[in-house]
There are 2 protein chains.
Amino acid sequence: MQRSPLTPRSVIRTAADLADARGLTEVTLSAVARELDVRTPSLYGHVRDLAALRDGITTLALGEVGDRASEAVAGRAGRDALRALCDAHREYARAHPGRWESLQRRAGDAVARTEEAARSSRAPAAVLRGYGIPEDDRVHATRLIGSFLNGFLHLEHIGSFAHSAPPADDSWRLLIDRLDGLLAHWNAKDEK
Amino acid sequence: MQRSPLTPRSVIRTAADLADARGLTEVTLSAVARELDVRTPSLYGHVRDLAALRDGITTLALGEVGDRASEAVAGRAGRDALRALCDAHREYARAHPGRWESLQRRAGDAVARTEEAARSSRAPAAVLRGYGIPEDDRVHATRLIGSFLNGFLHLEHIGSFAHSAPPADDSWRLLIDRLDGLLAHWNAKDEK
DNA sequence: CTAAATGCCTAATACCTATAGGCTTACGGC
DNA sequence: GCCGTAAGCCTATAGGTATTAGGCATTTAG
């Protein structure tokens, strides 16, 4: 039987799919090798080690989520853009729980220097540009959105909202609009 | 040499300390056993398995952070209380990185039903009580604070803020005050 | 004083990562 | 067309991990 040849890309893709299907902790070289119908040591020709495989998943996810966010934000501004940005992340987290998990770990230094990492920060920056926030405060606002997005989705993912009413969905809509208000009146607040 | 006897508590404490010292992923039954100068299988008399050990760390951390938050919040209100709550969490995350990490995982169902879990939700509730937020919106505001706190500290922990100026500290102060403003004018916003 | 229970131990199994070294196949220079 | 080489898989092996089974000594209870 013909097997499609192994490549770093195909190995990492398989690992990412496995992560989505069974959780990031189930991603082992053994499991990936089984999936590819290959012996474990054969993978070492394509990825340096397990850490590199995980960093690969992280980089892949970073690029994917960045792309989707950029697409979602394109052509929108203000509240619409903010909602689209947040929803894009949330949908990605739902559709690809394992890939999302891979974004929640401390990755190798190399990951931060990838083109994917740079790409993933463009959408939030674009959204904020529409709010007229002073240059100096932009980074803080970026961190606010990042923190909220990350925190909410993470808490939702680990089930923190699961056992209390109302559904997380309600909070999601409401809080995004509150954040929109905060960003829209960022400067006004100073005058109080 | 006299060894202090093993108990579920002492095993979990040792595991938690190990997590703080070397990271949660380094917490293995082997490592804990080495630390306690005991053979690995001996631990099974005190913890069911590795998952239970991890859940034990999570429960311990939940209780500790909840206590510190409650202490910090006691006798304060409004912005002071919010700052104290946030700082208590941040200081705990810094002093006990491994225990903090243990709060970021999907824990067993049993953890959510512990007394510690209930205790840990009291401080945020107390803080919000001071803001005059309508009953129905309390839970959303709680989730906002939880999301921000969790997200910010998590991103800081994995190093997301490390390679861009200004220091995370600046954003921390500023964003907490912004959130205070948002909470303080929670109702006013409706009338815009 | 003895029997049971407690609490640690050794032994064994089944995975896992990782390295070393061998076999097969395709391909380019001659 | 032949042969050396390199790519890409393989087997074998070492060492670390969780977990279970069963043994032995010491403490505790009757």
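Let's start at the surface near DNA strand D, where a sort by class gives nine nonpolar, five polar and two charged residues. Here Ala, Val, Leu, Ile, Met, Phe, Trp, Tyr, Cys and Pro count as nonpolar, Asp, Glu, Lys and Arg as charged, and the others, Gly among them, as polar. Before going on, keep in mind that this is a predicted model: local features need pLDDT of at least 70, side-chain atom pairs count only at pLDDT 80 or more, and totals for chains, interfaces and linings use all residues. Residues are numbered from 1 along each chain as its sequence is written, while chains are lettered from A and ligands numbered from 1 in the order in which they are written.

Back to the DNA. There are 16 residues around strand D, and A:Leu6, A:Ser42, B:Thr28, B:Pro41 and B:Asp49 come nearest. A residue is near a strand if its C-beta atom, placed from the backbone, lies within 6 Å of it. Helix 2 of chain B (residues 29–35) gives the most to this surface, with three residues. Helices are DSSP runs (H or I, at least four residues), numbered from the N terminus.

Now look at DNA strand C. Of the 16 residues around strand C, A:Thr28, A:Ser30, A:Pro41, A:Asp49 and B:Ser42 come nearest. Helix 2 of chain A (residues 29–36) gives the most here, with three residues. The surface near strand C has nine nonpolar, five polar and two charged residues.

How do the two protein chains meet? In chain B, 30 residues are in contact with 29 residues of chain A, where contact takes C-beta atoms, placed from the backbone, within 7 Å. Helix 9 (135–157) and helix 10 (168–184) of chain B each supply at least two residues of the side that touches chain A. The largest share, 13 residues, comes from helix 9 of chain B. Sorted by class, that side of chain B has 13 nonpolar, twelve polar and five charged residues. The copies meet through the same surface, because 97% of the interface residues of chain B are also interface residues in chain A.

What turn lays chain B on chain A? A turn of 180 degrees and a shift of 0.1 Å along the axis does it, with an RMSD of 0.1 Å. The two copies are therefore related as by a two-fold rotation axis. The superposition is by least squares on the C-alpha atoms of residues with pLDDT of at least 70 in both copies. In chain B, the residue that comes closest to the rotation axis is B:Gly151, at 1.8 Å (C-alpha).

Next, pick out a helix pair inside chain B. Helix 1 (residues 8–22) and helix 3 (residues 50–73) of chain B pack at an angle of about 80 degrees, with their axes 9 Å apart. Axes are lines fitted to C-alpha atoms, for helices over the stretch in contact, and angles run from 0 to 180 degrees between N-to-C directions. So these two helices of chain B are roughly perpendicular to each other, a label for angles of 65 to 115 degrees. Helix 1 of chain B brings B:Ile12, B:Ala15, B:Ala16 and B:Ala19 to the contact, and helix 3 of chain B brings B:Leu53, B:Gly56, B:Ile57 and B:Leu60.

Finally, check a loop in each chain. The peptide bond from A:Ala165 to A:Pro166 is cis, with omega near -10 degrees, and A:Pro166 sits in the loop between helix 9 and helix 10 of chain A. In chain B, the bond from B:Ala165 to B:Pro166 is cis, with omega near -10 degrees.

Definitions and conventions. Two residues are in contact if their C-beta atoms, placed from the backbone, lie within 7 Å. Angles under 35 degrees count as roughly parallel, over 145 as roughly antiparallel, 65 to 115 as roughly perpendicular and the rest as oblique.
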